[in-house]
Amino acid sequence: MSDVITNNLDLWTSAILTKSGAGRGSNGKEQAYGIKKLRELILELAVRGKLVPQDPKDEPASVLLKKIAKEKARLVKEGKIRKQKPQLDIYVKEEFFEIPENWKWVRFAEIAQHNAGKTLDRGRNNGAPRDYITTSNLYWGEFDLSDVRQMLIREDELDRCTARQGDLLICEGGEAGRAAVWDEDYEVCFQNHIHRARFYCCVNSYYAYRYFEYLSATGKIENYRKGVGISNMSGKALASIVVPLPPEAEQHRIVAKVDELMALCDQLEQQQTHSLEAHQTLVETLLGTLTNVESAEGFAEAWTLIADHFGILFTTEHSIDQLKQTILQLAVMGKLVPQDPNDEPASVLLEKIAKEKARLIKDRKIKKQKPLPAIAKKEKPFALPKSWEWKRFGDITYQITDGAHHTPTYVNEGVPFLSVKDMSTGKLDFTDTRLISRVQHEDLIRRCYPKKGDLLLTKVGTTGIPVLVDTNEEFSIFVSVALIKFPQDKLVGKYLSWLVSSPIVKAQSVEGTEGVGNKNLVLRKIAAFLLAIPPVNEQHRIVAKIDELIALCNALKARLTDAQTTQIHLADAIVEQAIA
């Protein structure tokens, strides 16, 4: 049966589940779904008796239980353990699956003596200071002993709260059921939020550990937990867990095979991680050449290299997102579309905007803005085409403000009142927005009146997301959103939106965000954004080309998602078939 594992290695390593918010530098940019399912399959086959062959010469589990009963009787007679209450019979519905004939379903209390450890109470504890471990030291299959604390424990308490080599320690609280075998050659004390399970003869503690892994992986451990956020597993619940018990010799074979296959999973996961990291480095390096080269010949050569290997470069969501960012970067550098010498240069456009602003200020239709700092040469990250100009955001806009600075009174019917959550996708979303009265709305729009064609920018929480208003529907905004009004007859709104989404402006947005918990992109920083302004005709050509290329990227990502979904379904189907 283990052939199903080794014969499908390509599928296990290719089935990737992309996480939201994934990106370079985060753990698990893409989740190794196939390898996760492979680990679950190994555990599933192991505890069902399908991972290693049965040996008719093995002493059956029924004989093991008789030996355990004799050991218990001896320990009770010697006063080392208390006589246990009879365990409840195991009902058929409690048996998760069929097991081989020489196995037995048993309750956990039948094969192990277990108890919780010592309660930490500095006011009452006495005795000698001793090292003890808590749930914070106990992880799946291992212990972190870098921060071991001490408590006062008496000699007469040691037997109950000390773990020795071979004991299985199980979390009572936190992630209840998380377990590891204590395999050190010295003893250690443990706190009351940990159960110690010491197995009777003929039970392999590592087999029991793998069974707890199985319960966790399949979610069956929830049958024995209480609580939602912080779960709990009482001693009574632990005692009631039903365990499929194989012959002793088969337990050892199962443990050896599981260890071997889990080591293979570790190797595959490491190879996959290294492969993804190498792939991302390659993509970023090649895309970086597009933005770094200055000559047209160098640019053409770099693009040819990427185009020739397109099929192997853009095979992950991260790589496609990198491509999108490169497209925007090339756009704002003047490298995405050719310049037209017949275009009216940006300098003329900016003069027109300045004159229009001066007239509107004179007519008291807009307020005079505070002077912005001059653009220093060192601020300019790259050279622009001759017909382009660097300009501060505040110099090309009529108004940069934000919404209501107080929380209004919400009503059941009225005018939409939008905050960051209503535009975090990059589009206005009125499906779940709050409403305010028209009286409140009309009061708010005297200072901040968003209209079709204006640019909104999130400035609290997830900052720097641009949203172009594409509706005539009336609405007001909260202080978490900035409103940017600009001359729509002289600047292309969609170009400004793409520009604000580009790496050069996103970096300024991050730099301009203040605070740690409640992050805030302040208005004066938005006004000081350094923008690359092309001729207006070129703005239209850039927008058309960006729209075309981003649509191709989205189509590529959709096909990738479909392929990933297929691989995930295949992995699930193989697991289901293997355990059927």
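Q: Why is Cys448 called buried?
A: This is a predicted model, and in it Cys448 has a relative accessibility of 4%. Buried means under 20%, so Cys448 makes the cut.

Q: What makes Cys189 a cysteine in no disulfide?
A: A disulfide needs two cysteine sulfur atoms within 2.5 Å. For Cys189, the nearest cysteine sulfur belongs to Cys161 and sits 4.6 Å away, so the pair fails the cut-off. By this rule, the count for the model is zero disulfides.

Q: And is Cys189 buried or exposed?
A: Buried: its relative accessible area is 6%, and the limit is under 20%.

Q: How do you know which class Cys202 falls in, buried or exposed?
A: Cys202 has a relative accessible area of 10%, and under 20% counts as buried, so Cys202 is buried. You'll find Cys202 in the loop between strand E14 (194-199) and H6. Its phi is worth a look too: near 80°, a positive value in a residue other than glycine.

Q: What makes Arg364 exposed?
A: Its relative accessibility is 78%, and exposed means over 50%, so the label follows. Arg364 is in the loop between helix H12 (346-362) and E17. It also has a positive phi, about 60°, although it is not a glycine.

Q: How do you know that the length of helix H6 agrees with the expected span?
A: H6 (residues 205-218) has 14 residues, and at 1.5 Å a residue they should span 20 Å. The expected span takes one less than the number of residues. The end C-alpha atoms of H6 are 20 Å apart, so the two values agree.

Q: Why is H6 described as mostly covered?
A: Of its 14 residues, 10 are buried, and buried means under 20% relative accessible area. Among them are Tyr207, Arg210, Tyr211, Phe212 and Glu213.

Q: What is found at the two ends of H6?
A: At the start, a side-chain oxygen of Asn204 reaches to within 2.8 Å of the backbone nitrogen of Tyr206. The cut-off for a polar contact is 3.5 Å, so this pair qualifies. After the helix comes Gly219, with a positive phi near 80°.

Q: Why is Val47 called buried?
A: Val47 has a relative accessible area of 1%, and under 20% is what the label asks for. This residue lies in helix H3 (residues 33-48).

Q: What does Val47 touch, leaving out residues up to four places away in sequence?
A: Its contacts are Phe97, Ile99, Trp103, Tyr207, Tyr211, Tyr214 and Pro244. Take Tyr211: it is 164 residues from Val47 in sequence, yet their C-alpha atoms are 6.7 Å apart in space.

Q: How do you know that Thr458 is buried?
A: Thr458 has a relative accessible area of 0%, and the limit is under 20%, so it is buried. Thr458 belongs to strand E22 (residues 455-458).

Q: What makes the Thr458 side chain and Ile465 a polar contact?
A: A polar atom of the Thr458 side chain lies 2.9 Å from the backbone nitrogen of Ile465. The cut-off is 3.5 Å, so the pair is within it. Leaving aside neighbours within four places in sequence, Thr458 is in contact with residues including Val420, Met423, Ser480 and Leu521.

Q: Why do strands E17 and E28 count as paired?
A: Pairing takes at least two bridges, and four join E17 (residues 389-392) to E28, so they pair. The two run antiparallel. One bridge matches Trp390 with Ala532 in E28.

Q: Which way do the residues of E28 point?
A: Leu530 and Ala532 point one way from strand E28 (residues 530-533), Leu531 and Ile533 point the other way, and all are buried.

Q: What makes E19 and E24 edge strands?
A: They belong to an open sheet of four strands, in the order E19-E21-E20-E24, with mixed pairing. Strands E19 (410-411) and E24 (476-477) each pair on one side only. Two bridges join E19 to E21 (residues 434-436), in an antiparallel arrangement, and Val411 has Leu435 as its bridge partner in E21.

Q: Which residues have the most contacts inside the largest nonpolar core?
A: Phe314, Phe393, Tyr495, Ile526 and Ile546, in a core of 58 residues. Apart from it lies another core, of 53 residues, with Phe212, Met233, Leu245 and Val255 among them.

Methods
Residues numbered from 1 in each chain as written. Predicted model: local features only at pLDDT ≥ 70, side-chain atom pairs only at ≥ 80, totals over all residues. Heavy atoms only, no water. Buried < 20%, exposed > 50% of the residue type's maximum accessible area, 1.4 Å probe, protein only. Polar contact = N/O pair within 3.5 Å; in protein donor to acceptor, adjacent residues only side chain to side chain. Contact = heavy atoms within 4.5 Å. Core = buried A, V, L, I, M, F, W, Y, C linked by side-chain atoms within 4.5 Å.
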